Amino acid sequence: MKKNVLLLESVSDHADLLLNKHLNVLVAETPTSGIPLAEANPVHAIVTRGKGDVSEALIAACPKLEVISRCGVGLDNVNVDAATRKGIKVVNAPGINADTVAEHALTLMLALQRQLFSTVHAVKANNWDIRKTYDGDEIRGKTLGILGLGNIGKKVARLASAFGMSVVYWDAHKQEGVDYHFLPLEELLYQSDIMSLHLPLVPGTHQLIDEKAFGRMRPNAILINTSRGEVIDQQALIKALDRKLIAGFGADVLAVEPPATDDPLLQMDNVLITPHSASLTARTYNEMCVLTVQNTIDLLDGKAINQKYIFNHKEL
Ligand SMILES: O=C(O)[C@H](O)COP(=O)(O)O
């Protein structure tokens, strides 16, 4: 008999076909409506993306649960501790979206630095003379401060180096054998022309970039966030932009997604925001979903998988 999987959010068509071929799929109508379904059926695996709340209560409602499967990287919507305490494997797809997110971070940097959107809009409004007041700059020769030198941070470092930037980084763990110079956080904020955030959202990174941090940044600084919105204190960010403590902000993530229609960030010319789409290229989205779903099916079948895709393998 097929095992049951609770699907909290849609996955790619190919991954969906795999799930339906191997497992009995219970579809939650909303990312938070898993508990009643789990109470009515034994659930052996939960599959989610970034919004489905895999809470301690949902885990408790699934006494047969073997695997929690996150078709992506960030695990801030999964209570990993509660899962680990019960011996449940948490599977995700580290590294798979590194190239596309790194490209997105560079895209935001370049677009802000070259004033791409204001000039393109001006040309569309027949204002060629915008070139007379053009104040764009190069990224070549600038210092890029990377916060979080994991899979994505390393790709950003490599791309930025190819553009002629000088790369420094801060990470909770100083890394051996990397070509980039480690700086204490305060020093990195002070020295960087552009900063790019690649940190997971955990208690230690929640609102890490606060009023004090903005106070240390250069007035020409640009801040890029493709990690999680809550890593920044958004009120402090708005103040910093208002007071011109920094020059620009580019992000794919916000503390509240989607933002309120009256969110001040949406009105600012030196702010570019994309809709958490950095990983959503068809290729990467499908790769993340298929890899994670196949790993889940294999684990439920009792097969071994590459341990790097079991986030809590060391604790189990
Ligand atoms: O953590 C991730 O993998 C990205 O933020 C994408 O998240 P999503 O699966 O919610 O699109």
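**Exercise 1. Where does UniProt place the feature "domain: D-isomer specific 2-hydroxyacid dehydrogenase NAD-binding"?**

Solution. The structure to be read here is a predicted model. According to UniProt, in an unreviewed entry, the NAD-binding feature covers residues 106-278. In the model, the C-alpha atoms at the ends of residues 106-278 are 11 Å apart, and this span is 29% helix and 16% strand. The record also holds a feature named "domain: D-isomer specific 2-hydroxyacid dehydrogenase catalytic", again from an unreviewed entry, at residues 5-305. For residues 5-305, the end C-alpha atoms lie 18 Å apart, with 35% of the span in helix and 15% in strand.

**Exercise 2. Find the residues around the ligand, and then work out which polar contacts reach its oxygen atoms.**

Solution. Begin with the shell, which consists of Arg49, Gly50, Arg70, Cys71, Gly72, Val73, Gly74, Asn97, Arg228, His276 and Ser279. Sorted by class, these residues around the ligand are two nonpolar, six polar and three charged.

Next, compare distances with the cut-off for a polar contact, which is a pair of N or O atoms within 3.5 Å. The side chain of Arg70 has an N or O atom 2.9 Å from an oxygen atom of the ligand. Val73 takes part through its backbone, where an N or O atom lies 2.7 Å from a ligand oxygen, whereas His276 places a polar side-chain atom 2.7 Å from an oxygen atom of the ligand. Finally, consider the cover: on its own the ligand has 310 Å² of accessible area, and the protein covers 89% of that area.

**Exercise 3. Describe the second largest pocket by its volume and its lining.**

Solution. The volume of the second largest pocket is about 500 Å³. Its lining is made by 20 residues, and those nearest the centre are Leu112, Gln113, Gln115, Ala247 and Asn270. Two or more lining residues come from each of the elements α5 (98-113), α6 (116-124) and β12 (271-273), and α6 contributes the most, with four residues. When the lining is divided by class, there are eight nonpolar, eight polar and four charged residues.

**Exercise 4. Identify what is unusual in the backbone at Gln115 and at the bond from Glu257 to Pro258.**

Solution. Start from the general expectation, which is that most residues other than glycine have a negative phi and that most peptide bonds are trans. Gln115 has a positive phi of about 50 degrees, although it is not a glycine, and Gln115 sits in the loop between α5 and α6. The same residue is among those nearest the centre of the second largest pocket. The peptide bond from Glu257 to Pro258 is cis, with an omega near -5 degrees, and Pro258 belongs to the loop between β11 (248-251) and β12.

Terms used. Residues numbered from 1 in each chain as written. Predicted model: local features only at pLDDT ≥ 70, side-chain atom pairs only at ≥ 80, totals over all residues. Heavy atoms only, no water. Near = heavy atom within 4 Å. Polar contact = N/O pair within 3.5 Å; in protein donor to acceptor, adjacent residues only side chain to side chain. Areas by Shrake-Rupley, 256 points an atom, 1.4 Å probe, with all protein chains shown as cover. Nonpolar A, V, L, I, M, F, W, Y, C, P; charged D, E, K, R; others polar. 1 Å grid on protein atoms, 1.4 Å probe; cavity = no way out; pocket = protein on both sides within 12 Å on 5 of 7 lines; lining within 4 Å. Points joined across faces, edges and corners; volume = space filled by probe spheres on them. UniProt positions renumbered as here; feature names shortened; annotations may be inferred.
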